[in-house]
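Please open the model in your viewer and keep the sequence panel beside it, so that each selection can be followed in both places. The tour below moves from stop to stop, and at each one it says what to select and what is there.

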Amino acid sequence: MTSDSFPNSYQHVSVLFRESVDILSPEAGSILVDCTLGGGGHTALMLELVGPTGRVVAFDRDIIAIDNAKVRFSKDISSGRLILIHSPFGELSSQLKKLDLIGRVSGVLADIGVSSHHLDIAARGFSFMNDGPLDMRMDQSQGESAAEFLASATEQDIADVIFKFGEEPKSRFIAKLICERRDTSPFKTTKQLADLIASKVFWKEASRKHPATRTFQALRVYVNNELGELKSLLNSAPSVLRIGGVLAIITFHSLEDRLTKVSMLTLTGKTKRQSLPRDIPLTSADIDRLSESVAEVIKPFPQMPTENEVRSNPRARSAKLRAIRLTMECPIIV
Ligand SMILES: C[S@@+](CC[C@H](N)C(=O)[O-])C[C@H]1O[C@@H](n2cnc3c(N)ncnc32)[C@H](O)[C@@H]1O
């Protein structure tokens, strides 16, 4: 699929728009990184605040977001103020090394997860509300789609993914349903999967939460290796920042938020090894290397959207913004 399929259609309302960029304390002439370009809302504000002598580097693994931004920001790209990188943000430090920007960045922002474009365009295969091919890859040029995973994985692996990344208590039952059904009719579309779950898992329609919600989240997180990407970002972002630089992350579900919180507290020296939750994918080596405090917390509690923001953009409702400021040079932790 190319961006020509959706001309100018990368629609997304930026969450915590002003708050998440202001927290980076952007100064004229500084260098900022937007790890999640999406529809370009945060990138546009960064460009405005760093002014004509500043620079912004923006990542997205979705070529459609990149192609859309090439048109929207053509002047900033030709003047060298904006550099677009089509790559996962887990490669932050290696990509910034190529640009000779290690230790020179004043702020890194990641507004993680999927965009409204992903959820609204049926062909991207993320949504059970809009029927489309069961894909769910942000970068459709590589990796396994959700349909391919469900066609070939064992029942145990499917159950584990649904439990681990969707926190779905009925993961085993749903995995069994999936495996029984795929033998006669392989899953091709999002609706086939959503309808199967809705027909067999007890749910109250009044609860507003579709019974396939957790399974869809789990498949999406798994197919895009979202927690692995976030972990790489949290490990490498401190090394690209200058002293005083800020790392800000917006998360949308508890798995991402827990990983971000623990990693940030560890960087600030506020988490002891014994108090780390067991399900956080940090190795002992990571924790040992993070035992020194190299950062300070900017806000002790995460910032949430205001009621007004949630009213005008309900997708913002679960957003949490956390940020830390680097207080000493930090080597790359991989
Ligand atoms: C919530 S949207 C960002 C919206 C953006 N802040 C704005 O103002 O329009 C998330 C974007 O990040 C991208 N993304 C998610 N995970 C990524 C990763 N690991 N590497 C690079 N891009 C990623 C998605 O493709 C999507 O376009």
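## Starting inside a strand

Select Ala323, which counts as buried because its relative accessibility is 6%, and keep in mind throughout the tour that this is a predicted model. Ala323 belongs to strand 7, which covers residues 320-326. Now show what surrounds it: with neighbours within four places in sequence left aside, Ala323 is in contact with Ile23, Val246, Leu247, Ala248, Met264, Val297, Ile298 and Lys299. Add Lys261 to the selection as well, for although Ala323 and Lys261 are 62 residues apart in sequence, their C-alpha atoms are 9.3 Å apart in space.

## The whole chain

Zoom out until the chain fills the window, and colour it by secondary structure, which shows 15 helices and 7 strands. The chain has 334 residues, and 53% of them count as buried. If you switch on a surface, the accessible surface of the chain comes to about 15,700 Å², with 52% of it belonging to carbon and sulfur atoms. Among the contacts in the chain with a separation of 6 or more, 72% are made by residues 24 or more positions apart.

## The ligand

Next, select the ligand and display the residues around it. How many residues surround the ligand? There are 24, and the closest are Tyr10, Ser14, His42, Asp60 and Asp111. Sorted by class, this shell holds 7 nonpolar, 12 polar and 5 charged residues.

Three distances are worth drawing in the viewer, each of them ending at a nitrogen atom of the ligand:

- From a polar side-chain atom of Asp111, the distance to a nitrogen atom of the ligand is 2.8 Å.
- From a backbone N or O atom of Phe89, the distance to a nitrogen atom of the ligand is 2.8 Å.
- From a polar backbone atom of Thr36, the distance to a nitrogen atom of the ligand is 3.3 Å.

On its own the ligand has 600 Å² of accessible area, and the protein covers 99% of this.

## Ser30 and Ile63

Move to Ser30, which sits in the loop between helix 1 (17-22) and strand 1 (31-34). Is this residue, Ser30, buried or exposed? Ser30 counts as buried, because its relative accessibility is 9%. Beyond its neighbours within four places in sequence, Ser30 is in contact with Val50, Gly54, Arg55 and Ser106.

Then select Ile63, which lies in helix 3, a helix made of residues 63-72. With a relative accessibility of 30%, Ile63 counts as partly exposed. Measure from its C-alpha atom to that of His86, and you should find 6.5 Å, although Ile63 and His86 are 23 residues apart in sequence.

## Two positive phi angles

Most residues other than glycine have a negative phi. The next two stops can be looked at with that in mind.

Select Asp100, in the loop between helix 5 (92-98) and strand 4 (105-111), where phi is positive, about 60°, although Asp100 is not a glycine. Asp100 is exposed, since its relative accessible area is 55%.

Now go to Met136, in the loop between helix 6 (116-120) and helix 7, where phi is again positive, at about 75°, and the residue is not a glycine. Met136 counts as buried, because its relative accessibility is 0%.

Stay in the loop between helix 6 and helix 7 and select Arg137, which counts as buried at 13% relative accessibility. Follow its side chain, which reaches the backbone oxygen of Gly143 at 3.3 Å. Not counting residues up to four places away in sequence, Arg137 touches Arg124, Phe126, Gln142, Gly143, Glu144, Ser145, Val223 and Asn224.

## Helix 9 and what covers it

For the last stop, select helix 9, residues 171-184. At 1.5 Å a residue its 14 residues should span 20 Å, and its end C-alpha atoms are 21 Å apart, so the two values agree. Which residues of helix 9 are buried? They are Ser171, Ile174, Ala175, Leu177, Ile178, Cys179 and Arg182. To see what covers these buried residues, show the neighbouring elements, which include helix 7 (146-152), helix 8 (155-166), helix 10 (190-200) and helix 11 (213-223).

Definitions and conventions. Residues are numbered from 1 along each chain as its sequence is written. This is a predicted model: local features need pLDDT of at least 70, side-chain atom pairs count only at pLDDT 80 or more; totals for chains, interfaces and linings use all residues. Side-chain values use heavy atoms; hydrogens and water are left out. Helices (H or I, at least four residues) and strands (E, at least two) are DSSP runs, numbered from the N terminus. The expected span of a helix is 1.5 Å times one less than its number of residues. Buried means under 20% relative accessible area, exposed over 50%, partly exposed in between (1.4 Å probe, protein chains only). Contact means heavy atoms within 4.5 Å. A residue is near a molecule or strand if one of its heavy atoms lies within 4 Å of it. A polar contact is a pair of N or O atoms within 3.5 Å; within protein, one must be able to donate a hydrogen and the other to accept it, and residues adjacent in sequence count only if both atoms are side-chain atoms. Accessible areas come from the Shrake-Rupley method with a 1.4 Å probe; for residues, only the protein chains shown count as cover. Ala, Val, Leu, Ile, Met, Phe, Trp, Tyr, Cys and Pro count as nonpolar, Asp, Glu, Lys and Arg as charged, and the others, Gly among them, as polar.
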